[in-house]
Amino acid sequence: MKRKSFFNAKFIASIIAIIALIQLPSAKAFDDYYGYENFSSDLIDTIENLAVSLDDEDEDDVQGKKVAIIDQQKEVQENFTSDVEAEDYNENVKPKFELSAAVENVTSTDKWPSQLSIFKKEGLEFDKGPIKSIKLGVMYNGTWTEQFPKSTSKYTNDLLIPSIEFRFRDDKTLFNMSYNFFSKSDDGKRKFFSQINEVYVMHKFNKNNRVIIGQGPRLPIGVEGSAGAFGYDLPTRAYIGRTFGNTRSIGIRYQGNFKYADLDLAVTDGRRYMRSYGGGGEFVGWVNFKPLAALDSNKWGKLTLGTGIDVGKSGNDYCVWGGYVGYDWRRFHNKFEYAYGDGYNGGTGLASTKKTHGFYDTVILDITDKWSLLGRIDWYDTDIQSKKDTINIDYTAGLTYKISKNMRLLFAYTYKNKPGNNSEVHAHQLQLQVRVNI
């Protein structure tokens, strides 16, 4: 009787199939995994070729589980007239790749989660209980800066923020908490409560209306001032963005997204980042009008006209108001914003009484889907009432490379024309920044 070798075609085919299947969860973990279709096609070809190569003697001895390829994800492209339609499509229409739809065990006994599914968009999902899914996230920004003629070179860890999000079974409510290890309090020290970045509950009444209770995303004090750490265009925010905005506070907030306008209204405590309470109340409101929403954006572009106000008290009274004009047409983008402050309440929560104003204009050209060229003029007067020269003007040229949806590299050169009372009347600055958002 012929003795069979242990390392026969059946054994080799099984090992290759198992190794390939073990890699599938990594494909499930990311929405932007571009290699999925090629991977699935290669897997199908590999299994079919190996099946053909099996001899008759080995086929008679095949036992155990078989693998059946059920479905393949296909790319779908849609044109949307508004961000609301795109969000609705992504949440409710766009087909999602699930492991059970791509590979099914005939015995249906082994149901394992993706190794990284807790980091993907939907998070780690549960079949039962009040919590539908749990999602973990990590965000990091780091910046290298070189300035001359007075040579200074340094690398700073801007933020390191782990986050956890619980989505509830009603598909309308979520709880989010994040913590910034590099955040400092007003005295320059790192304290637990001052490092809490966000802690809030969000409830969606429908796709257009939601409310946030707690310390949520940045307050809507201007467009660039409210942009997230992954959302502003250059390594450093414009003067008005980082002076008046880029801050958070405890309160209640309403957000509404409609065809011709987006609203963002908040009533909060005047203090910032849970450092103290009771300094006074605050109202922040911003509205963006979209007059071209009904037209074809590929032909006419997208026009945004925004305005808003931030008024309150934190030791001193303050009032900041501003306006914004943004235009996007295919690969061209222009952002102009002006703001005036009769006193202002920035990140420290201790309101300034100075009267200041400024503007910026940013032009962006998307050279490719990954490379973008940027230019910005940034003008700011730190004290309108001062008799000294207090005007700062920065001219910046930048280049952005989108490594993936979750990672970017930003490079910028800035020529600084500073006030005459500053020893560095003119300065040059180079910056290289990395952003990671998982």
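## Strands 13, 14 and 15

Strand 13 (residues 316-329) pairs with strand 14 (residues 332-344) in the antiparallel sense, over 11 bridges. This comes from a predicted model. Within the pairing, Trp321 stands opposite Tyr340 in strand 14. The two strands form a hairpin with two residues between them.

Strand 14 is also joined to strand 15 (residues 352-366), by 12 bridges, and these two strands run antiparallel. Tyr340 appears here again: it stands opposite His357 in strand 15. Tyr340 therefore faces Trp321 in one pairing and His357 in the other, as pairing is defined by DSSP bridges.

## Overall composition

The protein has eight helices and 19 strands. Of its 438 residues, 41% are buried. The exposed surface of the protein is about 23,900 Å², and carbon and sulfur atoms supply 59% of that area.

Among contacts in the protein with a separation of 6 or more, 54% are between residues 24 or more positions apart.

## Strands 8, 9 and 10

Strand 9 (250-257) takes part in two antiparallel pairings. One is with strand 8 (residues 209-215), over seven bridges. In this pairing, Arg210 has Gln255 in strand 9 as its bridge partner.

The other pairing is between strand 9 and strand 10 (residues 261-269), also antiparallel and over seven bridges. Gly256 stands opposite Leu263 in strand 10. Strand 9 is joined to strand 10 by a hairpin, through three residues.

## Backbone exceptions

Most residues other than glycine have a negative phi, and most peptide bonds are trans. Two residues and one peptide bond in this model are of interest here.

The peptide bond from Phe148 to Pro149 is cis, with omega near 20°. Pro149 is found in the loop between strand 4 (131-148) and strand 5 (152-168). Asn246 is not a glycine, yet has a positive phi of about 55°. Asn246 is found in the loop between helix 7 (239-244) and strand 9. Its relative accessibility is 25%, so Asn246 counts as partly exposed. Arg330 likewise has a positive phi of about 55° without being a glycine, and lies in the loop between strand 13 and strand 14. Arg330 counts as exposed because its relative accessibility is 56%, and the cut-off for exposed is over 50%.

## Aromatic rings and charges

The structure holds 11 aromatic pairs. Tyr239, Phe244, Tyr344 and Tyr380 form one aromatic cluster.

Two arginine side chains have their charged ends over tyrosine rings. The charged end of Arg242 sits over the ring of Tyr239, at 4.2 Å from the ring centre. The charged end of Arg435 sits over the ring of Tyr232, also 4.2 Å from the centre. Tyr239 is thus listed both in the aromatic cluster and beneath the charge of Arg242.

## The largest nonpolar core

The largest nonpolar core has 15 residues, and those touching the most other members are Leu219, Ile221, Ile240, Phe244, Tyr344, Tyr360 and Tyr380. Helix 7, strand 11 (281-289), strand 13 and strand 14 are the elements that give two or more residues to this core. Helix 7 supplies the largest share, three residues. Phe244, Tyr344 and Tyr380 belong to this core and also to the aromatic cluster with Tyr239.

Leu219 has contacts beyond its neighbours within four places in sequence. The partners are Gly225, Ser226, Thr247, Arg248, Ser249, Arg253, Ala266, Thr268, Arg272, Glu282 and Val284.

## Ile161 in strand 5

Ile161 is found in strand 5. With a relative accessible area of 9%, Ile161 is buried, since the cut-off for buried is under 20%. Ile161 and Ile196 lie 35 residues apart in sequence, and their C-alpha atoms are 9.4 Å apart in space.

Leaving aside neighbours within four places in sequence, Ile161 is in contact with Gly137, Val138, Met139, Ser178, Tyr179, Asn180 and Asn197.

Technical notes
Residues are numbered from 1 along each chain as its sequence is written. This is a predicted model: local features need pLDDT of at least 70, side-chain atom pairs count only at pLDDT 80 or more; totals for chains, interfaces and linings use all residues. Side-chain values use heavy atoms; hydrogens and water are left out. Helices (H or I, at least four residues) and strands (E, at least two) are DSSP runs, numbered from the N terminus. Buried means under 20% relative accessible area, exposed over 50%, partly exposed in between (1.4 Å probe, protein chains only). Contact means heavy atoms within 4.5 Å. Accessible areas come from the Shrake-Rupley method with a 1.4 Å probe; for residues, only the protein chains shown count as cover. Rings of Phe, Tyr and Trp (its six-membered ring) pair if their centres lie within 6.5 Å; planes under 30 degrees apart count as stacked, over 60 as edge-to-face and the rest as tilted. A charge sits over a ring if NZ of Lys or CZ of Arg is within 6 Å of the ring centre and within 35 degrees of the ring normal. A nonpolar core is a set of buried Ala, Val, Leu, Ile, Met, Phe, Trp, Tyr and Cys residues joined through side-chain atoms within 4.5 Å.
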